[in-house]
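Thanks for sharing this one. I have gone through the model and put my notes together as numbered points, so that you can follow them with the structure open.

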Amino acid sequence: MSTCLFCKIVQKVIPAKIIFEDKLTIAFKDINPQAPTHLLVIPKKHMESMETITSQDTNVLGHIILVARNLAQKEGHTKGGYRLIINSGPDAGQSVFHIHLHVLAGRKLTWPPG
Ligand code: AMP
Ligand code: ZN
């Protein structure tokens, strides 16, 4: 059994507010939301970070971007917009080492990020 938190969510060993699932991906609500909409879209396959992806992963990574766009639209953010983020490594603040795409929306997001 994997010790990875997000693999456990994929395997439904620990609960999450799952809002979308298909063969390649699963999307769920972030447990500590930083905006009115804060979703995480992840590949079902374990990938640690941007540093470990390979050309084999481009299909699934492209797919999670499309899923993120579709979910942002579904949640009504077509007009207001949204931000997609992948934190990779310690300086970016990555805390879960299973790659995940944050979808943030529903408030004005500042730039540059903190
Ligand atoms: P990062 O800092 O980019 O690695 O993001 C990890 C994200 O996972 C954070 O926004 C956390 O709030 C979120 N998170 C951690 N544990 C859970 C969980 N059990 N269910 C949903 N989101 C989680
Ligand atoms: Zn994992």
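The points below cover a strand and its partners, a pocket, the salt bridges and a surface patch.

1. A word before you start: this is a predicted model. Please read each point below with that in mind.

2. Let's begin with strand E5, which runs over residues 101-105. Is this strand buried or exposed? Five of its five residues are buried, so E5 is largely enclosed by the rest of the structure. Its side chains go two ways: Leu101, Val103 and Ala105 point to one side, while His102 and Leu104 point to the other. Whichever way they point, all of them are buried.

3. Which strands pair with E5? Strand E3, residues 37-43, pairs with E5 in the antiparallel sense over five bridges. Within that pairing, Thr37 has Ala105 as its bridge partner in E5. Strand E4, residues 83-85, is also antiparallel to E5, and here there are three bridges. If you want a spot to look at in E4, find Ile85, which stands opposite His102 of E5.

4. Next, the largest pocket, with a volume of about 790 Å³. Its lining is made up of 32 residues. Which of them lie nearest the centre? They are Asp30, Asn32, Gln34, His38 and His102. You have already met His102 as one of the buried residues of E5.

5. Which elements build the lining of that pocket? Helix H1 (5-10), strand E2 (25-29), E3, E4 and E5 each supply at least two residues. H1 gives the most, with three residues. E3, E4 and E5 thus appear here as well as in the pairing described above.

6. On to charged side chains. Side chains of opposite charge can pair when their charged atoms come close. How many salt bridges are there in the model? The count comes to three.

7. Two of the contacts involve Glu21. One is with Lys12, where the closest N and O atoms are 3.0 Å apart. The other is with Lys44, at 2.9 Å from N to O. This second pair links distant parts of the chain: Glu21 is in strand E1 (residues 18-21), Lys44 is in the loop between E3 and H2, and 23 residues separate them. As for exposure, Glu21 is partly exposed at a relative accessible area of 35%, Lys12 is partly exposed at 48%, and Lys44 is partly exposed at 24%.

8. Lys45 has a salt bridge of its own with Asp57, the closest N and O atoms being 2.8 Å apart. Both residues lie in the loop between E3 and H2, so the pair ties together parts that are twelve residues apart in sequence. The two ends differ in exposure: Lys45 is partly exposed, with a relative accessible area of 49%, whereas Asp57 is buried, at 4%. Returning to the Glu21 contacts, salt bridges that share partners join Lys12, Glu21 and Lys44 into one network.

9. Last, have a look at the surface. Ile65, Tyr82 and Leu84 form a nonpolar patch there, with about 240 Å² of accessible area together. Ile65 belongs to helix H2, residues 58-74, and is partly exposed, with a relative accessible area of 47%.

Conventions
Residues numbered from 1 in each chain as written. Chains lettered and ligands numbered in written order. Predicted model: local features only at pLDDT ≥ 70, side-chain atom pairs only at ≥ 80, totals over all residues. Heavy atoms only, no water. Patch = residues over 30% accessible without salt bridge, like charges linked within 9 Å, V, L, I, M, F, W, Y side chains within 5 Å. Areas by Shrake-Rupley, 256 points an atom, 1.4 Å probe, with all protein chains shown as cover. Salt bridge = Lys/Arg side-chain N within 4 Å of Asp/Glu carboxyl O. Helix = DSSP H or I, 4+ residues; strand = E, 2+ residues; numbered from the N terminus. Buried < 20%, exposed > 50% of the residue type's maximum accessible area, 1.4 Å probe, protein only. Pairing = 2+ DSSP bridges. 1 Å grid on protein atoms, 1.4 Å probe; cavity = no way out; pocket = protein on both sides within 12 Å on 5 of 7 lines; lining within 4 Å. Points joined across faces, edges and corners; volume = space filled by probe spheres on them.
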